[in-house]
There are 2 protein chains.
Amino acid sequence: MTEAKEAAPAMPRLTGALEPRASWPATGCSLARAIDVVSTRSAFLLLREAFYGTSRFDDFATRAGISEPVAAARLRELVEAGLLTRAEYREPGQRARLAYRLTEKGADLFPALAALMEWGDRWLAEDGGPIGLRHRDCGEPVAVELRCAAGHRTSPGELDLVHRRR
Amino acid sequence: MTEAKEAAPAMPRLTGALEPRASWPATGCSLARAIDVVSTRSAFLLLREAFYGTSRFDDFATRAGISEPVAAARLRELVEAGLLTRAEYREPGQRARLAYRLTEKGADLFPALAALMEWGDRWLAEDGGPIGLRHRDCGEPVAVELRCAAGHRTSPGELDLVHRRR
DNA sequence: CCGTATCCACAACGATACTG
DNA sequence: CAGTATCGTTGTGGATACGG
């Protein structure tokens with residue numbers, strides 16, 4: 001575990017191409033919108049489980065460590081938001097089962113969760129964290145990176161924020 | 001804006017090297033720990049402002065669009081958690097001012113916020129979102145990627161989850 | 001197995017007013 | 001400018017019990 005530094009030695013900061021701007025209406029910010037969809041701890045935990053391959057209601061509640069009512073409410077919201085689908089799932093000779101699966105929209109959230117997990121591994125875990133990601137083809141560990149379209153790896157300090165016009 | 005698909009066409013899923021495992025104690029999961037630090041909407045919004053370069057209390061409250069009491073509470077927690085520092089900041093001939101600055105720990109959260117923003121741009125914005133990231137050196141747009149140590153770009157479906165042993 | 005119903009506790013937040 | 005104090009509302013979530 002790395003201790004929090006009281007005084008930052010290096011301080012990456014974004015130098016903006018943004019005007020001295022007054023305020024960010026929350027409605028226009030994609031980060032705010034994203035947070036409105038997955039605002040709660042339980043939503044994050046359920047999505048984590050979905051990525052781990054969990055598909056049944058009971059498993060979601062048990063493995064995420066949340067109560068059934070909360071699991072039910074959150075799963076419904078995630079389905080309504082289009083991150084999960086409820087599919088009925090009948091094997092021959094078996095009764096029907098329900099399976100919650102990630103949609104493309106939900107699956108696309110993976111880099112964000114991976115980035116959060118990586119940060120937790122680095123700053124909050126004593127031992128680097130319990131779970132690692134590996135590239136199946138080559139066995140190498142996988143990390144989240146910021147890259148520009150030209151392929152350069154970038155740090156926050158090398159970035160400009162720009163307003164998009166259309 | 002891309003509409004949520006009811007039935008997922010392609011479904012990236014992590015195939016685990018994890019045993020059929022019973023449950024994830026929330027205490028050991030780095031994602032859960034990370035969420036416990038930045039659980040709330042206001043914390044995310046304040047961090048966004050910090051990355052945008054905001055440093056003064058009033059600006060944080062106004063630009064994040066949250067009330068002063070909430071801003072005060074959240075800023076205090078973020079300082080306690082080691083993501084921000086309160087530095088006193090005196091220019092010659094001026095009275096002292098306070099400045100909240102990101103620590104290294106806080107700055108390291110940037111990829112996670114960028115990933116969330118990118119997801120919001122893709123799935124929740126009509127027009128690709130209001131803010132873009134550019135590499136200052138080459139002007140190319142910047143995106144979050146999952147890469148293995150060998151340099152391969154990977155998708156969630158190509159990943160294995162592994163338990164770390166030490 | 002897959003939830004819902006009910007109740008309660010507490011956290012998060014906005015609004016307003018006030019202080020150094 | 002940089003907060004604190006207080007109040008009321010809503011959201012989040014655990015516990016328990018119950019139904020398809």
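**Exercise 1.** Determine how far a polar side-chain atom of Ser42(A) lies from a phosphate oxygen of DNA strand D in this predicted model.

*Solution.* A polar contact is a pair of N or O atoms within 3.5 Å; within protein, one must be able to donate a hydrogen and the other to accept it, and residues adjacent in sequence count only if both atoms are side-chain atoms. For Ser42(A), the distance to the phosphate oxygen is 2.5 Å. On chain B, a side-chain N or O atom of Tyr100(B) is 2.9 Å from a phosphate oxygen of the strand, and one of Arg56(B) is 3.2 Å from such an oxygen.

Side-chain values use heavy atoms, without hydrogens or water. Local features need pLDDT of at least 70, and side-chain atom pairs count only at pLDDT 80 or more, whereas totals for chains, interfaces and linings use all residues.

**Exercise 2.** State how many residues surround DNA strand D and which are the closest.

*Solution.* With a residue taken as near if one of its heavy atoms lies within 4 Å, 20 residues surround the strand. The closest are Ser42(A), Val70(A), Pro69(B), Arg86(B) and Tyr100(B). Of the strand atoms within 4 Å of the protein, 75% belong to sugar and phosphate.

**Exercise 3.** Explain why H2(A) is largely enclosed by the rest of the structure.

*Solution.* Buried means under 20% relative accessible area (1.4 Å probe, protein chains only). Eleven of the twelve residues of H2(A) are buried, so the helix is largely enclosed. Among them are Ser42(A), Arg48(A) and Glu49(A). After H2(A) comes Gly53(A), with a positive phi near 105 degrees.

Notes:
Residues numbered from 1 in each chain as written. Chains lettered and ligands numbered in written order. Buried < 20%, exposed > 50% of the residue type's maximum accessible area, 1.4 Å probe, protein only. Helix = DSSP H or I, 4+ residues; strand = E, 2+ residues; numbered from the N terminus.
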